[in-house]
Amino acid sequence: WGDIEIEDGVLSRGEVKDGSKLTAAIRKVKEQTGVQYVRVSLPEEKAYLFETEIKKGTPFKEIRGQLEFRLEENVPISPRDAYFDFHVFDDEVENNKLTVSVTVYAKETINAYYDVCRAAGVTPLSFEVEAQAIARAALPKNDKSTCLIVDFGKTRTGIGIVHRGMLMYTSTIDIGGKELSSALRRQLGNKDEAELTKIKNEQGLIKGVENNSVYEALVSTVSAIKDEVALRIQYWNSKNDGREDRNIDKVILCGGSANLKGLPEYFTETLSIETKRASVWQNAFDVGETVPPIGLKHSYGYATAIGLGLSAFQ
């Protein structure tokens, strides 16, 4: 396990800006691991998701054609310029109609990632929205709840709402761990990133008996993320037409910056929704019998990769 640093500017808001440098990074992964095949997560920023209905009993081979006709009225991409996939909730029937969730990407977005993979000498087996991969690792198998996933990364925070295991909504907040580090530097002086990470993970949002400087430096940034999360929860719950089974009943944290001490407790208190860090190995193996190769604090940053790997066993 491991990671390859990608230079600033190679990717921007989910768009491949420098294909040659991204190819070099993927080639480096291949050289270090010998991997021939990859599963690729796609950025939430470029995804379009919508719900629609189909008549119960519609032959499976006709569903895709029906959905293609509905793309233009739901997303700003022409069907000829789009790739899409869908999931039918065959146990959710109302007025003899089935609910379908549809995920759409512009062809140019997926083709850009496909091309750099092929140029690096690896073959993509699948592409999917990052939050869907995270859900596969972070939620128990056959989970029927509606959950909000917060992927708290270095440069941004990804939001995904998952209902009965399927991603239904996604968005991105342009605040990440870098902003927490900047806030700490303003308060504590010019410390290196390793020391700041230690402060975030060991002191975080816990008020000190004598000195609250770390808490005060961090809480305004975390509060801004919380406010954005709260807006999305309010939006989602308000559009469910009284269907309480679709209301968000838990929040799951992952990503490298999810290690911030006190973060689950802060979200639980301020959002009034149970919040906890992801158990990323739960669907891979029994941690009571197998010792994971990745330390617990590092594991939150690998939820996407674990979820992509698990897709091979569905």
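These questions and answers go through the strands, helices and nonpolar cores of a predicted model.

Biologist: In what order do the strands of the open sheet of 5 strands lie, and which are the edge strands?

Modeller: The sheet is open, has 5 strands and shows mixed pairing, in the order β10-β9-β8-β11-β12. An edge strand here pairs on one side only, and the two that do so are β10 and β12.

Biologist: In which sense do β9 and β10 pair, and over how many bridges?

Modeller: The two strands form a hairpin with 2 residues between them, and Arg164 in the turn has a positive phi of about 50°. Val162 stands opposite Leu167 in β10. The pairing of β9 (residues 157–163) with β10 is antiparallel, over 7 bridges.

Biologist: In which sense do β11 and β12 pair, and over how many bridges?

Modeller: Leu253 stands opposite Arg277 in β12. β11 (residues 250–254) and β12 run in the parallel sense, and their bridges number 3.

Biologist: Which strands does helix α7 touch, and what angle does its direction make with that of β10?

Modeller: Helix α7 (residues 213–238) packs on the sheet and touches β8, β9 and β10. Its direction makes an angle with that of β10 of about 145°.

Biologist: What span should α7 have, and where is its kink centred?

Modeller: α7 has 26 residues, so at 1.5 Å a residue it should span 38 Å. Its end C-alpha atoms are 38 Å apart, which agrees. There is nevertheless a kink of about 35° in α7, and the residue at its centre is Val219.

Biologist: How many residues of α4 are buried, and how many does α4 give to the largest nonpolar core?

Modeller: Buried means under 20% relative accessible area. By that cut-off 9 of the 9 residues of α4 (residues 130–138) are buried, including Glu130, Gln132 and Arg136. α4 also gives the most to the largest nonpolar core, and its share is 5 residues.

Biologist: Which members of the largest nonpolar core touch the most other members?

Modeller: Nonpolar side chains tend to be buried together in soluble globular proteins. In this model the largest such core has 36 residues. Leaving aside its neighbours within four places in sequence, Ile306 is in contact with Ala137, Val280 and Trp281. The members that touch the most others are Leu22, Ile26, Ile149, Ile252 and Ile306.

Biologist: How many residues make up the second, separate core?

Modeller: This core includes Ile159, Met168, Tyr169 and Trp236. Strand β10 covers residues 166–173, and 7 of its 8 residues are buried. The size of the second core is 35 residues.

Note on methods:
Residues are numbered from 1 along each chain as its sequence is written. This is a predicted model: local features need pLDDT of at least 70, side-chain atom pairs count only at pLDDT 80 or more; totals for chains, interfaces and linings use all residues. Side-chain values use heavy atoms; hydrogens and water are left out. Buried means under 20% relative accessible area, exposed over 50%, partly exposed in between (1.4 Å probe, protein chains only). Helices (H or I, at least four residues) and strands (E, at least two) are DSSP runs, numbered from the N terminus. Two strands pair if DSSP finds at least two bridges between them. Contact means heavy atoms within 4.5 Å. Axes are lines fitted to C-alpha atoms, for helices over the stretch in contact, and angles run from 0 to 180 degrees between N-to-C directions. The expected span of a helix is 1.5 Å times one less than its number of residues. The bend at a residue is the angle between axes fitted to the seven residues ending there and the seven starting there. A nonpolar core is a set of buried Ala, Val, Leu, Ile, Met, Phe, Trp, Tyr and Cys residues joined through side-chain atoms within 4.5 Å.
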